Amino acid sequence: MQKAIILQPQPRAWLEGSILRPYVSQHGEHLQRRRYAPNTQRAYLCCIAHFAYWLTQEGYDLEAIGQGAVMRFLSEHLPACACSDPVRRLRHELQAALGLEAGGVVLQYPARNSPSNRS
């Protein structure tokens, strides 16, 4: 049985108010299947929440999310980040959570990669 990953109210609100909302449980399940420690699961979801908040502020569509968006988030937003706490700002944590090294869950939304979900 999968346990819910507990997040603070702000990161939870960022996720729930973003285009990534339909994928929050998918991210949690992915982290649990990979047997990440509970603190790592929470940290990575908070990283994804920060990215989701930025995507919302920038007006990104789901189809526009890709490695370019992730790199822009890391190289342009992160150095000048003034997002309200609690927020994850460690580049290595964000890179790992967004999956740059492994092709990542964030870059593999069904809306982008599954023919059955294309309109």
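The exercises below, each with a worked solution, concern a predicted model.

Residues are numbered from 1 along each chain as its sequence is written. In this predicted model local features need pLDDT of at least 70, side-chain atom pairs count only at pLDDT 80 or more, and totals for chains, interfaces and linings use all residues, while side-chain values use heavy atoms, with hydrogens and water left out.

**Exercise 1. Determine how many disulfides the structure holds, and check Cys46 and Cys83.**

Step 1. Apply the cut-off: a disulfide is a pair of cysteine sulfur atoms within 2.5 Å.
Step 2. The count for the structure is zero disulfides.
Step 3. For Cys46, the nearest cysteine sulfur belongs to Cys47, 7.3 Å away, and Cys46 is in no disulfide.
Step 4. For Cys83, the nearest cysteine sulfur is that of Cys81, at 3.7 Å, and Cys83 is likewise in no disulfide.
Step 5. Cys46 is buried (under 20% relative accessible area; exposed is over 50%, partly exposed in between; 1.4 Å probe, protein chains only). Its relative accessible area is 11%. Cys83 is also buried, at 11% relative accessibility.

**Exercise 2. Describe how helices H4 and H5 pack.**

Step 1. Locate the helices (DSSP runs of H or I, at least four residues, numbered from the N terminus): H4 covers residues 67–77 and H5 residues 91–98.
Step 2. Their axes, lines fitted to C-alpha atoms over the stretch in contact, are 11 Å apart. The angle between N-to-C directions, on a scale from 0 to 180 degrees, is about 170°.
Step 3. Angles over 145 degrees count as roughly antiparallel, so H4 and H5 are roughly antiparallel to each other.
Step 4. List the residues in contact (heavy atoms within 4.5 Å). Val70, Met71, Phe73, Leu74 and Ser75 of H4 meet Arg91, Leu94, Gln95 and Leu98 of H5.

**Exercise 3. State whether His50 is buried or exposed, and find its contacts.**

Step 1. His50 lies in helix H3, residues 38–58.
Step 2. With 0% relative accessibility, His50 is buried.
Step 3. Its side chain makes a polar contact (N or O atoms within 3.5 Å, one able to donate a hydrogen and the other to accept it; residues adjacent in sequence count only if both atoms are side-chain atoms) with the side chain of His77, at 3.1 Å.
Step 4. Leaving aside neighbours within four places in sequence, the contacts of His50 include Trp14, Phe73, Cys81, Cys83 and Leu94.

**Exercise 4. Identify the buried residues of helix H2 and what they pack against.**

Step 1. In H2 (residues 24–33), Val24, His27, Gly28, His30, Leu31 and Gln32 are buried.
Step 2. These residues pack against H1 (9–16) and H3.
Step 3. Just after H2, Arg35 has a positive phi of about 60°.

Conventions
Helices (H or I, at least four residues) and strands (E, at least two) are DSSP runs, numbered from the N terminus. Angles under 35 degrees count as roughly parallel, over 145 as roughly antiparallel, 65 to 115 as roughly perpendicular and the rest as oblique.
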